[in-house]
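Me: I am new to this structure. Can you walk me through the reasoning behind a few of its labels?

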Amino acid sequence: MAKEPRVWQRMLSGRRLNLLDPSPLDVELDDIAHGLARVARWNGQTIGGHIFSVAQHSLLVEAIAAHINPEMSREWRLAVLLHDAPEYVIGDIISPFKAVIGDAYKAIEAGLLGAIHLHFGLPAQPPAALKRFIKQADRQAAFLEATHLAGFAREEAIKFFGRPDPLPRPVLALLEPWPVAQAEERYHGKVTAALAKV
C-alpha cells in the first residue's frame, strides 16, 4: 500500500504547517523571518558577497510603497511586508517557472498567504486596491533588483517590469545585499513595529 505523501513542513519553532490546509495557528513570525532571510531572490543569480534575500526584497518593496504613499495605513504596511511571506515555506519560485507550472502553485501560495494574514489580524483576502498597490511597488523593486543585481540591461528590464519612478537614495541603498542574520533581524523588527501599531 502506497504511503500518503507528507504535505506539511516542520518549522524550527516546532510548528507543522500543512501546505494544503494551512492554519493561522501554525504561523510564527520567527519562522517567517528566519526562512525569508535564507531564500535567495533570482535563484541566487545576483552579484555580491551575499544573496539578496526575500526578507530584504520585502523591506525594499515596503520602502518603495512608503515613498509612493507616505500616508499608507499600518495595515497596508503590514500587508506589504508580508506580500511574499509564503516563500518562507515554498521558496521563491522564479517567474519563468511559475509560468510553466501554472495554477497549482498559485493556489498553494494563496492559501498560505491567507493563513499568514489571518495570523497577523489582516483579512485573508486583501482588497483589490491593496493588491494593485503592492504589485506596483513590487514591480519597481523587481526592476531595481534586475538592473542593479541580476545583470539585466535597463531596456530589457523596462520590457518586463515597466519604467520605474525616481526613488530617493535611502531606498536605493536597500539594494546592497546583507548577511543573512542582518536581513532576518531587520525584517523581524519591521514586522514587529508594524504589528505594534496596527
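**Reasons behind the labels**

Reply: Start with a helix pair in this predicted model. From H7, Arg139, Ala142, Phe143, Ala146 and Thr147 meet Arg154, Ala157, Ile158, Phe160 and Phe161 of H8. By class, this contact has seven nonpolar, one polar and two charged residues.

Me: How do you know that these residues of H7 and H8 meet?

Reply: Contact means heavy atoms within 4.5 Å. The listed residues of H7 and H8 are in contact by that rule.

Me: Why are H7 and H8 called roughly antiparallel?

Reply: Look at the angle. Helix H7 (residues 128-148) and helix H8 (residues 154-161) pack at about 155°, and their axes are 9 Å apart. Angles over 145 degrees count as roughly antiparallel. Therefore H7 and H8 are roughly antiparallel to each other. Their crossing is right-handed.

Me: Why is Trp42 called buried?

Reply: The cut-off for buried is under 20% relative accessible area. Trp42 has 18%, so Trp42 is buried. Trp42 sits in the loop between helix H1 (29-36) and helix H2 (54-68).

Me: Why does Asn43 count as partly exposed?

Reply: Buried ends at 20% and exposed begins over 50%, with partly exposed in between. Asn43 has 48% relative accessibility, so Asn43 counts as partly exposed. Asn43 also lies in the loop between H1 and H2.

Me: What makes the phi of Trp42 worth a remark?

Reply: Most residues other than glycine have a negative phi. Trp42 is not a glycine, yet its phi is positive, at about 60°. Asn43 has a positive phi too, near 55°, and is likewise a residue other than glycine.

How values were computed
Residues numbered from 1 in each chain as written. Predicted model: local features only at pLDDT ≥ 70, side-chain atom pairs only at ≥ 80, totals over all residues. Heavy atoms only, no water. Helix = DSSP H or I, 4+ residues; strand = E, 2+ residues; numbered from the N terminus. Buried < 20%, exposed > 50% of the residue type's maximum accessible area, 1.4 Å probe, protein only. Axes fitted to C-alpha atoms, helices over the stretch in contact; angles between N-to-C directions. Parallel < 35°, antiparallel > 145°, perpendicular 65-115°, else oblique. Left-handed = near helix turned anticlockwise from the far one by under 90°. Nonpolar A, V, L, I, M, F, W, Y, C, P; charged D, E, K, R; others polar.
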